[in-house]
Amino acid sequence: MEAKNLWRFLVLPIGVLLFLLLTWFHLPNKGALDCNLYSGWCTSKNRFYSSSQANQIKKPSFSSYNNQHHESEIPQHPLDPLTIQEFNRVRTILSTHPLFKSSSKYTLNSIVLEEPDKKLVLKWKKGDAPLPRKASVVAVVKGVSHVLTVDLETGLVTDYEYSVSGYPTMTVEDMVGVLEVPLKSIEFNRSITKRGVKLADLECLPISSGWYGTQVEENRRLIKVQCYSKEGTVNFYMRPIEGVTALVDMDRKEVVTISDNGENIPVANGINTDYRYSIQKLNGELRLLNPISLEQPKGPSFTVEGHLVKWANWEFHVRPDPRAGTIISEVKVRDPDTSELRNVMYKGFTSELFVPYMDPTEGWYFKTYMDAGEYGFGLQAMPLDPLNDCPRNAYYMDAVFASSDGTPYLQPNMICIFERYAGDIAWRHAECPITDLKVTEVRPKVTLVVRMAAAVANYDYIVDWEFQTDGLIRSKVGLSGILMVKGTTYENMDQVPNQEYLYGTLLSENIIGVIHDHFITYYLDMDVDGSDNSFVKVKLKKQETSPGESPRKSYLKAVRKVAKTEKDAQIKLKLYDPSEFHVVNPLKKTRVGNPVGYKLVPGATAATLLDPEDPPQKRAAFTKNQIWVTPYNKSEQWAGGLFVYQSQGDDTLQVWSNRDRSIENKDIVLWYTVGFHHIPCQEDYPIMPTVSSSFDLKPVNFFERNPILRVPPNFQDDLPVCKAHDSA
């Protein structure tokens, strides 16, 4: 009987393998695989790559909006991402390097642009000779991590040693490769089938295992695999096979342990959880609104030259990145009085995302994701949906990334850029009747948005960089997608004993939405009118008046304190200790003598409540404060460290900041964390309405006056004439 069962369980993996082989031989030979044309393999969970080194690729039809010809692309700016030709050049150079010639057991975990020295980039102007092009490569060879710089012109390869814990970001092949491993285990298959789930209905996820200092974790890359049933619904997340977890050795492709502590927990039925429009409209559409769109009869007001964006009084560089998602660089705003383009920020991006779930039980304690450093925030970015993710007249920017053997592939429509008008007001004043002055002056607010959406398994993150004509930059992150839920025996709260804690909310029959946090940490290399800046905390303090000084008893006083060292700038936000946080250039003053600056304006956020010695919190120590300031260091970009996977917290933002280096009148980096505490509710089921938070970078004494004072209002003749609907 055992032999018969074993044969039955092997049929699925063998069939999948045969299908993969057939697909391999029938894929076209291309230098870069188009992930739109092969969308069945190009999901956030699995991609299949051609190994050919030819330079031709076929563009997807919906990505032809912007006429991007990637096969012939040439870098036009020092910060432009690597091109297809450059990826292939990297592969050619590495193929002859002794490190790779001596071993067939290696993966190229990351190939990205090695940015030129910052001082050289700041001096470079259009028309200057191109700066030397180099690639930064992270590779794992025979289980050892290497960081290499490849000079694309000379072919020189430099290998750097990093004596820190952890492993590089997983490749997509890593994630896909572990999913079939548990199916080799009779014990695992038995745990699945005894719950009445067919192996053909399995949908499994690779779950990063974190680090807990156990002996089994030493010198091996481990990952947890948990599975769901997709029978009857595309929303398999709502049908967890609770309690079954396979611990897998990622490199050896073997099961280390199987745990099963949920035998009595049924798989939820998944009824009415399919969120697709084609399914939902069968129950009748919920037509709450008439169609709405922003019309631009003269076209958009922005231009994109390669990766350089020009709009209104702004100019900046945009590039996709496999780890950060979107990187915004060389941000400049034009001064209305001098017409000079002035520096605001050299570089900004999401450095890390930390998502700890608040359930300490066997099947959940390890779910403490570091989405950028473990999975790759940009690797999980899916093509944006025109008209729904982005409005009409949006410009779409593709990404070219590298697979684990270095073959470039296309990620179409990863970023969109568009103008937004939501009826907001840029500034206004109407004179009151008392003065008898008939004055009403209003200016509409139009903004420019750079957007990316990453689907990191169940959760979707929408990341916006929004630019306003008054000099303000707003960064916003939205959370949508699907909750990660836990199976339970309970169908109603009346069944739950008073003393039992569920670690979350009962959302539906046999489904608990587990409480969790989201922390998104931003890297903001501010260069306000130059690189030498200072961080100033402007504290609002209650000042009591002296006896007889005034009928008032107290007032608020603004007290400025310049941060001398890093520890002076480690800040926890407090409602009853209000402050402003300025980045100023002390050597540049306004006409009346104020130092020019920008201020960080925090939005709604959250603070971590975990114990500092809790292993996940030690690894994510960068969430201890909402604000940090460090001196610029090219190697200090990732808040969780260069190697995050199974890291022990020895290379984090907190470690760097605790060195307490000088930051006064230096080239400094500002770090800010957006936080969410998420207690799930039934409205989040079966798919979440978007919840969002943001922060602003706002000019403070940067301009001599309101920079959009001379902007004209809207006039009727300037606007398109639309025929009203008969019923209007």
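In which strand does tyrosine 459 lie? In this predicted model, tyrosine 459 belongs to strand β21, which covers residues 459-468. The residue deserves a careful look, since the UniProt annotation, from an unreviewed entry, marks Tyr459 as "modified residue: 2',4',5'-topaquinone".

Before turning to its surroundings, it helps to have the whole chain in view. The protein chain has ten helices and 33 strands, and of its 728 residues 53% count as buried. Among the contacts between residues at least 6 apart in sequence, 69% join residues that are at least 24 apart.

Is tyrosine 459 buried or exposed? Its relative accessibility is 3%, and because buried means under 20% relative accessible area, tyrosine 459 counts as buried. Leaving aside residues up to four places away in sequence, tyrosine 459 touches Tyr357, Ala454, Leu479, Ser480, Ile482, Leu483, His516, His518, His678 and Met688. The histidines in that list, His516, His518 and His678, are thus contacts of tyrosine 459, as are Tyr357 and Met688.

From this residue we can move to the cysteines. How many disulfides does a search of the whole structure find? The search finds two, and when the bonded cysteines are counted along the chain, the disulfides follow the pattern 1-2, 3-4.

One of these disulfides is formed by cysteine 204 and cysteine 227, whose sulfur atoms are 2.0 Å apart. The pair links distant parts of the chain, with cysteine 204 in strand β6 (residues 202-208) and cysteine 227 in strand β7 (residues 222-229), 23 residues apart. With 100° about the S-S bond, the link between cysteine 204 and cysteine 227 is right-handed. Cysteine 204 counts as buried at 11% relative accessibility, and cysteine 227 counts as buried at 4%.

The other disulfide joins cysteine 390 to cysteine 416, with an S to S distance of 2.1 Å. Here too distant parts of the chain are linked, for cysteine 390 sits in the loop between α8 (371-375) and β16 (395-402), while cysteine 416 lies in strand β17 (residues 408-420), 26 residues away. The torsion about the S-S bond of cysteine 390 and cysteine 416 is about -90°, and therefore this disulfide is left-handed. Both cysteine 390 and cysteine 416 are buried.

Two further cysteines can be described by their accessibility. Cysteine 432 counts as partly exposed at 34% relative accessibility, and cysteine 681, with a relative accessible area of 30%, is partly exposed as well. Both values fall in the partly exposed range because that class lies between the buried limit of 20% and the exposed limit of 50%.

Cysteine 227 also leads to the internal spaces of the model, since Cys227 is among the residues that line the second largest cavity. The structure holds four cavities of 30 Å³ or more, and about 70 Å³ of space lies in the second largest. Its lining consists of Gln226, Cys227, Tyr228, Pro240, Ile241, Glu242, Gly243, Val244, Gly363, Trp364, Lys367 and Val485. Strand β7 gives the largest share of this lining, three residues, and cysteine 227 of the right-handed disulfide is itself in strand β7. By class, the lining of the second largest cavity has seven nonpolar, three polar and two charged residues.

Note on methods
Residues are numbered from 1 along each chain as its sequence is written. This is a predicted model: local features need pLDDT of at least 70, side-chain atom pairs count only at pLDDT 80 or more; totals for chains, interfaces and linings use all residues. Side-chain values use heavy atoms; hydrogens and water are left out. UniProt positions are given in the numbering used here, feature names are shortened, and annotations may be inferred rather than shown by experiment. Helices (H or I, at least four residues) and strands (E, at least two) are DSSP runs, numbered from the N terminus. Buried means under 20% relative accessible area, exposed over 50%, partly exposed in between (1.4 Å probe, protein chains only). Contact means heavy atoms within 4.5 Å. A disulfide is a pair of cysteine sulfur atoms within 2.5 Å. On a 1 Å grid over the protein atoms alone, a cavity is a set of points where a 1.4 Å probe fits but cannot get out, and a pocket is an open set with protein on both sides within 12 Å along at least five of seven lines; lining residues have an atom within 4 Å of a point. Grid points are joined across faces, edges and corners, and a volume is the space filled by probe spheres set on the points. Ala, Val, Leu, Ile, Met, Phe, Trp, Tyr, Cys and Pro count as nonpolar, Asp, Glu, Lys and Arg as charged, and the others, Gly among them, as polar.
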